[in-house]
Amino acid sequence: YSTLKTNLGTFGFITDTSKLFRVILPNKLNLLTIKPKNIKECNSFMVNTIQQFEQYFNGSRKIFNLRINLDITAFYQNVLFEVKKIPYGETCSYKTIAKNIFNPKSYRAVGNANAINPLPIIIPCHRVINQNGKVGNYGGGIKLKKKLIMLESLKKNN
């Protein structure tokens, strides 16, 4: 477990030597009881993870190249794999995601899948918004969701 301080807050990462298991948003870090490792103590996969997130936050990375472990139900995996397809700097509604997975009435379940997403930013649930254009809820808080959407819209063409 290690952390990265950004201008949007401190993010946490749980990995093993080859896969990312969890991204912890700034408002959830206080729930962890383990102490983060200094980057100098981390294995190469963790160092790569942190570097890719640094690149994301400075706008030079738009797609992550990390192996992930997604241990959730098949339906939720299906939803989150669809969410992962939303391009950097763009948004999509919960309802559209439901239609795209051929389950058009499941938009509330799409919201639930986003709520339990263990890999926010990698699986960009912050890009999923309400049909009416409002941002909707976010595990990291609405303020962070708006900042992530804004960051991407500003860096989209860089």
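Two strands are said to pair if DSSP finds at least two bridges between them, and strands themselves are DSSP runs of E with at least two residues, just as helices are runs of H or I with at least four, both numbered from the N terminus. What you see above is a predicted model, in which local features need pLDDT of at least 70 and side-chain atom pairs count only at pLDDT 80 or more, while totals for chains, interfaces and linings use all residues. Residues are numbered from 1 along each chain as its sequence is written, and side-chain values use heavy atoms, with hydrogens and water left out.

Let me start with the strands. β1, residues 2-6, runs antiparallel to β2, residues 9-15, with 5 bridges in the pairing, and the hairpin that joins β1 to β2 does so through 2 residues. Within this part, serine 2 stands opposite phenylalanine 13 in β2. β2 also pairs in the antiparallel sense with β3, over 4 bridges, where threonine 15 stands opposite leucine 20 in β3, and a hairpin of 4 residues makes the connection from β2 to β3.

β3 (20-24) brings me to the largest pocket, since both this strand and α4 (107-115) supply at least two residues each of its lining. A pocket here is an open set of points on a 1 Å grid over the protein atoms alone, where a 1.4 Å probe fits and protein lies on both sides within 12 Å along at least five of seven lines, and lining residues have an atom within 4 Å of a point. The largest pocket has a volume of about 480 Å³, the volume being the space filled by probe spheres set on the points, which are joined across faces, edges and corners. Of the 22 residues lining the largest pocket, Asn114, Ala115, Ile116, Tyr138 and Gly139 are the closest to its centre.
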